[in-house]
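Me: Could you take a close look at the cysteines in this model for me? Please set them in the context of the chain as a whole.

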Amino acid sequence: MSVKALEGDWQFVSDKGYDPVKISIKNIMGSDWIVACMIPKGNMMASMLKKVEDEEGFKLVNFNCSNKKETPKENKELEDDFKTFLEKGISNLVRDEKNLIITAGGEGRIMTQDDVLKKQDEAKNAKLSAVRGGGRFR
């Protein structure tokens with residue numbers, strides 16, 4: 001699988017929180033990866049990973065959580081749960097169509113593609129096209 005297929009914006013929806021966890025995955029350079037996570041109005045979490053050579057999977061290099069914000073109570077349980085999950089160390093990222101399975105500590109969680117930015121760009125382009133296309137004067 002292409003590394004580009006893993007990169008992008010994802011989200012994890014759970015009944016433990018009101019808002020979804022937003023996740024961005026980026027291949028920084030070579031075997032170095034970052035998985036950045038945040039719940040709206042919550043703390044930022046980042047896992048720095050290294051792709052394991054000659055094997056499938058990843059190794060956790062560093063995990064950080066901002067711990068600066070008091071997360072709203074409706075998302076606190078989800079943030080704590082997801083932080084505990086990430087602290088175990090992401091060991092694998094597997095893409096399956098529009099889903100991404102993140103494995104940490106032997107547990108897998110399914111993320112769905114977060115195409116909100118793509119939808120915003122499409123709406124912006126449609127608006128620009130409408131303005132350009134309908135401007136004939138006689």
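Reply: Starting at the N terminus, the elements of the protein chain follow the order β-β-β-β-β-α-β-β-β-α, which gives 2 helices and 8 strands. Helices here are DSSP runs of H or I with at least four residues, strands are E runs of at least two, and both are numbered from the N terminus. Please keep in mind that this is a predicted model, where local features need pLDDT of at least 70, side-chain atom pairs count only at pLDDT 80 or more, and totals for chains, interfaces and linings use all residues. Residues are numbered from 1 along each chain as its sequence is written, and side-chain values use heavy atoms, with hydrogens and water left out.

Now to the cysteines. Across the whole structure, a search for disulfides (pairs of cysteine sulfur atoms within 2.5 Å) finds 0. Take Cys-37: its closest cysteine sulfur is in Cys-65, and no bond forms because the distance of 9.8 Å is too far. Seen from Cys-65, the closest cysteine sulfur is that of Cys-37, again at 9.8 Å and too far for a bond.

How covered are they? Buried means under 20% relative accessible area, exposed over 50%, and partly exposed in between, with a 1.4 Å probe and protein chains only. Cys-37 has 0% relative accessibility, so it counts as buried. Cys-65, at 17%, counts as buried too. For the wider setting, 33% of the 138 residues of the protein chain count as buried.
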